[in-house]
Amino acid sequence: MHPSSEVYHEDASDPVGEADPEWVNPTDRAIRGCDDQGCGHFGAPRGIRTHRGADYTADSGQNVVAAARGTVTRIGYPYADDLSYRYVEIQGANGYTVRELYVSPAEGIAVGSQVSAGQAIGTAQNLTTRYTGITNHVHVEIRRNGNYINPAMLIPNP
Ligand SMILES: [Zn+2]
């Protein structure tokens, strides 16, 4: 059979020509180093698992901004046993999704909200009551078409 009979289909979930998001540091702080509760970089060991995000240090109560422009697609609960903790998920351009954990959503931030990169979406929550000796931080997970990406590859350090 002649090879030209094969039809090439472009993946509609990865549109050609759409620009990647412009990334902003969510807390304007560095990634947390290692403390009593482990290390904050992508791939750090977490028992039998690995850390699939990066932790940007934060002061409890400080403003947290959207790491990318997009639509809020989910406001959820990272812990089933403590519903005071929250996360905000934003779907950005070009197949990227970013989830920012331990963020108390700001008033007016809801599923369907359009946010710009750097726009305040909430305030950092206090993790030290749950994890002794931890450095307060916002845990950031970035996926592209379902695959986890090291946020440090995209988000600038201050
Ligand atoms: Zn983390």
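Two strands pair if DSSP finds at least two bridges between them. With that in mind, select strands E7 and E8 in this predicted model. E7 and E8 run antiparallel and are joined over five bridges. One place to look is Ile75, whose bridge partner in E8 is Val88.

**The whole chain**

Now zoom out and colour by secondary structure. The protein chain holds 14 strands and zero helices, and from the N terminus on every element in the run β-β-β-β-β-β-β-β-β-β-β-β-β-β is a strand. Of its 158 residues, 27% count as buried. Take the contacts between residues at least 6 apart in sequence: 65% of them join residues at least 24 apart.

Colour by confidence next. The pLDDT of the protein chain averages 92, and 89% of the residues score at least 70. Select residues 1-12, where the pLDDT is below 50. Beyond near neighbours in sequence, this stretch has one contact in the model.

**The second partner of E7**

Return to E7, residues 70-76, and add strand E11, residues 114-115. These strands run antiparallel and are joined by two bridges. Centre on Thr71 to find Gln114 of E11 standing opposite.

**A sheet of three strands**

Hide the rest and show E6, E12 and E10. In what order do the strands of this open sheet lie? The order is E6-E12-E10, and the pairing is antiparallel. At the edges are strand E6 (63-65) and strand E10 (103-105), each of which pairs on one side only. Look across the strands: neighbours in this sheet are turned by 45 degrees against each other on average, direction ignored.

Strands of a sheet pair through backbone hydrogen bonds, either parallel or antiparallel, so it helps to display the backbone here. Start with E6 and strand E12 (residues 120-124), which pair over three bridges in the antiparallel sense. Select Val64 and then Gly122, its bridge partner in E12. Move on to E10, which also pairs with E12 over three antiparallel bridges. Here the residue to select is Ser104, and its bridge partner in E12 is Thr123.

**The nonpolar core**

Show side chains now. Which residues have the most contacts inside the largest nonpolar core? They are Val103 and Val138, in a core of 26 residues. Several strands each supply at least two residues of this core, including E6 and E12 from the sheet just visited. Also among them are strand E5 (54-57), strand E8 (87-91), strand E9 (96-101) and strand E13 (137-144).

Centre the view on Val138 and leave aside its neighbours within four places in sequence. Which residues is Val138 then in contact with? The contacts include Val103, along with Glu100, Leu101 and Tyr102. Pro26, Thr27, Tyr56 and Ala58 are also in contact with Val138, as are Val64 and Ala124. Val64 is the residue already seen bridging to Gly122.

**A stop at Asp20**

Finally, select Asp20, in the segment before strand E1 (34-35). Why does Asp20 count as partly exposed? Asp20 has 13 C-beta neighbours inside 10 Å, whereas a buried residue needs 20 or more and an exposed one has 12 or fewer. Apart from neighbours within four places in sequence, Asp20 is in contact with Ala93 and Asn94. To finish, draw a distance between the C-alpha atoms of Asp20 and Ala68: these residues are 48 apart along the chain, and the atoms are separated by 9.7 Å.

Definitions and conventions: Residues are numbered from 1 along each chain as its sequence is written. This is a predicted model: local features need pLDDT of at least 70, side-chain atom pairs count only at pLDDT 80 or more; totals for chains, interfaces and linings use all residues. Helices (H or I, at least four residues) and strands (E, at least two) are DSSP runs, numbered from the N terminus. Axes are lines fitted to C-alpha atoms, for helices over the stretch in contact, and angles run from 0 to 180 degrees between N-to-C directions. A nonpolar core is a set of buried Ala, Val, Leu, Ile, Met, Phe, Trp, Tyr and Cys residues joined through C-beta atoms within 7 Å. Two residues are in contact if their C-beta atoms, placed from the backbone, lie within 7 Å. pLDDT is the predictor's confidence in each residue, from 0 to 100.
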